[in-house]
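Subject: Structure for you to look at

Hello,

Please find the structure below. My notes on what was found in it follow, so keep the view open while you read.

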Amino acid sequence: MDPGPGTAPIQNDCETELETKTNWSSSLWSWWPSWRPTSMSLLKTTESKILACIKNDLWARFVTLANQDRIWTLSLTNKGTPKSAEQAPKTPLVMVHGFGGGVGLWIRNLDALSRSRTVYAFDLLGFGRSSRPSFPSDAAKAEEQFVDSIEQWRQAVGLENMILLGHSLGGYLATSYAIQHPSRVSHLILVDPWGFPEQAKPETQQSEDQGTEVVKRPTIPRWARTIVSILSFFNPLAVIRAAGPWGPGLVNRFRPDFKRKFEDLFDDDTMTQYIYHCNAQTPSGEVGFRAMSETLGWAKRPMLQRVHILPPSMPVTMLYGARSWVDSSSGDRVAEIRGKAHTKVLLVDNASHHVYADQPDDFNKVVENICQSVD
């Protein structure tokens, strides 16, 4: 039964029991859940507050995969729009969040983008409210586990094809998915995608005295190299969990931008609390991300080495924040590799890495135009 506009179905006792077990599983430190002020229940409560802002018809549920992993999924439709009986359903838009995120971060976009077609958003395997299985340490195998979960999700939901949009890590995984399952992707939208460029090699210069090639060392300070070296032994967000009861304050202090981006919707710490609860749980997808990453966040398997495998006719739009730390030149390189006829690179002014939240109106307009070009 459809729960109605702006609501999500209530979980049953089995789901609650599973969430409780998830909090305690896959952790050598069984005392940490009490040390960290978080739980899947608190994540659910915080997310529910965010999703209460949605005005279109919302259906929220776990989608169970063949291996029994579960993907937390939202689907939105605008039932207020009359549809002709002869009108074919429009290609759905599927949105994939980035590292450390979840479906709640799309709150500025879901209503606007679901006016004319169904929109799906899900928590990647190992993130948010989805299952948190173990991931292999091999980069290719970790990537394949993510991509396989997306394909299993598509099959379980029953989508024949989709407009696939991915942000940051989601853009990397969406591209990998489109390479492996091109017939399922009508248009690939990559928003500030992570993991495309190859790691820069040390510059070289000729020695005037000997005429030999001398490697120019990077100018990273020794202390910074030491910290990076130490942190490489830990998962990227381990500090949030290690901070225990100080974790929420740590997120507030170091990511105040998340509060500012949504301050007209929430006048409290709802969004930073959401970020905290998404990432203070037992690490899983974070482990998979670390397996795929080099030091300082470069991908071990850069996507620029593989974009030529995408079908030349598949439309690809790469959308960057003009003030983002992600270099848009990777998009230009993709256009050179694939040809500019089916590859577009767009910049959104006054937007940083989180384009969809910094300039939601511009973002929604661009994505809606792309969707209308499909059908």
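Two strands count as paired if DSSP finds at least two bridges between them. Please bear in mind that this is a predicted model.

The sheet

By that rule on pairing, there is an open sheet of eight strands, and its pairing is mixed. Going across the sheet, the order is β1-β2-β4-β3-β5-β6-β9-β10. The edge strands are β1 (57–64) and β10 (343–348), each of which pairs on one side only. From one strand to the next, the twist averages 20 degrees.

At the β1 edge, the partner is strand β2 (residues 70–77). These two strands run antiparallel and are joined by eight bridges. To find your place there, look for aspartate 57, which stands opposite threonine 77 in β2.

Which helix packs on the sheet, touching β9 and β10? This is helix α13 (residues 329–338). Strand β9 covers 316–321, and the direction of α13 makes about 165 degrees with that of β10.

Helices α9 and α11

Next, turn to helix α9 (residues 247–254) and helix α11 (residues 270–279). Their axes lie 9 Å apart, and the two helices pack at an angle of about 120 degrees. Angles of 65 to 115 degrees count as roughly perpendicular and those over 145 as roughly antiparallel, so α9 is oblique to α11. The crossing of α9 past α11 is right-handed.

On the α9 side, the residues that take part are Gly247, Pro248, Val251 and Asn252. They meet Thr272, Gln273, Ile275 and Tyr276 in α11. Sorted by class, this contact has four nonpolar residues, four polar ones and no charged ones.

Helices α5 and α12

The other pair to look at is helix α5 (residues 139–157) with helix α12 (residues 285–292). Here the axes come within 8 Å and cross at roughly 135 degrees. That angle makes α5 oblique to α12. Is the crossing of α5 and α12 left-handed or right-handed? It is left-handed.

In α5, the residues in the contact are Ala139, Ala142, Glu143 and Phe146. Opposite them in α12 are Gly285, Gly288, Phe289, Ala291 and Met292. By class, the residues of this contact divide into six nonpolar, two polar and one charged.

Regards

Conventions:
Residues are numbered from 1 along each chain as its sequence is written. This is a predicted model: local features need pLDDT of at least 70, side-chain atom pairs count only at pLDDT 80 or more; totals for chains, interfaces and linings use all residues. Side-chain values use heavy atoms; hydrogens and water are left out. Axes are lines fitted to C-alpha atoms, for helices over the stretch in contact, and angles run from 0 to 180 degrees between N-to-C directions. Helices (H or I, at least four residues) and strands (E, at least two) are DSSP runs, numbered from the N terminus. Angles under 35 degrees count as roughly parallel, over 145 as roughly antiparallel, 65 to 115 as roughly perpendicular and the rest as oblique. A crossing is left-handed if the near helix is turned anticlockwise from the far one by less than a right angle, and right-handed if clockwise. Contact means heavy atoms within 4.5 Å. Ala, Val, Leu, Ile, Met, Phe, Trp, Tyr, Cys and Pro count as nonpolar, Asp, Glu, Lys and Arg as charged, and the others, Gly among them, as polar.
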